[in-house]
Amino acid sequence: DAIVGTWVDKNGGDGMVGFVNTDKGFHVTSGTSGLEGACRSITTNGHNYIIVAKLRAAILGFENVDDDTKDGTLLRYKLDGDTLTRYTYNQDKINAAVKDKKVPGVVDENDSASLTELDEATIKWLGEIGDEKDGWDPQEYKRK
């Protein structure tokens, strides 16, 4: 998979992220941002996404863990040669999508929503939001 490897901040900062494959059929990521876990990759409507979830859920199976351990962090990404652009989606927009029941998720005591399922509705929603210009915070990396 093209995303596998170590990536460093393209602008010379100390940001770093890495992806490895596992024998369980998913990626694992870690980096200087503190975001780490198992990744499920999908492509929908021409946009590439990874959902980063806790390792326990990925290894044991999402159906075998409590809802509070199934949440994930949504990232859209684009590969262009040796450049990886990773996009974080605006949390307010995720909150609205969960509250409006466009996608399955939970809202915690801090009014912060998390996705809980990567079902047909969520994949359709991801395909739609990938075309939006607003709401995406990009971070560029180059292959190390």
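**Exercise 1. Is Arg143 buried, partly exposed or exposed, and what is its relative accessible area?**

*Preliminaries.* The structure is a predicted model, in which local features need pLDDT of at least 70 and side-chain atom pairs count only at pLDDT 80 or more, while totals for chains, interfaces and linings use all residues. Residues are numbered from 1 along each chain as its sequence is written, and side-chain values use heavy atoms, with hydrogens and water left out.

*Solution.*
Step 1. The classes are buried (under 20% relative accessible area), exposed (over 50%) and partly exposed (in between), with a 1.4 Å probe and protein chains only.
Step 2. Arg143 has a relative accessible area of 31% and is therefore partly exposed.

**Exercise 2. Determine which side chain meets Arg143 in a salt bridge, and locate both residues.**

*Solution.*
Step 1. A salt bridge requires a side-chain nitrogen of Lys or Arg within 4 Å of a carboxyl oxygen of Asp or Glu.
Step 2. The partner of Arg143 is Asp82, at 3.6 Å from N to O.
Step 3. Helices (H or I, at least four residues) and strands (E, at least two) are DSSP runs, numbered from the N terminus.
Step 4. Asp82 belongs to the loop between strand 6 (72-80) and strand 7, and Arg143 to strand 10, so this pair ties together parts that are 61 residues apart in sequence.

**Exercise 3. State how many salt bridges the whole structure holds, and examine those of Lys93 and Glu128.**

*Solution.*
Step 1. The search of the whole structure gives four salt bridges.
Step 2. Lys93 meets Glu132 at 3.7 Å, N to O. This pair links distant parts of the chain, with Lys93 in helix 2 (residues 91-99) and Glu132 in the loop between helix 3 and strand 10, 39 residues apart.
Step 3. Lys93 is partly exposed at 32%, and Glu132 also counts as partly exposed, at 32%.
Step 4. Glu128 meets Lys124 at 3.6 Å, N to O. These two residues are four apart in helix 3, so about one helical turn separates them.
Step 5. Glu128 is partly exposed, at 45%, whereas Lys124 counts as exposed, at 56%.

**Exercise 4. Describe the aromatic pairs of Tyr87 and Tyr89 and the charge over the ring of Tyr87.**

*Solution.*
Step 1. Rings of Phe, Tyr and Trp (its six-membered ring) pair if their centres lie within 6.5 Å; planes under 30 degrees apart are stacked, over 60 edge-to-face, and the rest tilted.
Step 2. The structure holds four such pairs. One of them joins Tyr87 and Trp136 edge-to-face, with 6.4 Å between centres and 80° between planes.
Step 3. Tyr87 is in strand 7 (residues 83-89) and Trp136 in strand 10 (residues 136-143), so the pair ties together parts that are 49 residues apart in sequence. Both residues are buried.
Step 4. Tyr89 and Trp125 are likewise edge-to-face, at 5.9 Å and 75°. Tyr89 lies in strand 7 and Trp125 in helix 3, 36 residues apart; Tyr89 and Trp125 are buried.
Step 5. Tyr49, Tyr87, Tyr89, Trp125 and Trp136 form one aromatic cluster.
Step 6. A charge sits over a ring if NZ of Lys or CZ of Arg is within 6 Å of the ring centre and within 35 degrees of the ring normal. The charged end of Arg76 sits over the ring of Tyr87, 4.1 Å from its centre, and over that of Trp136, 4.5 Å from its centre.
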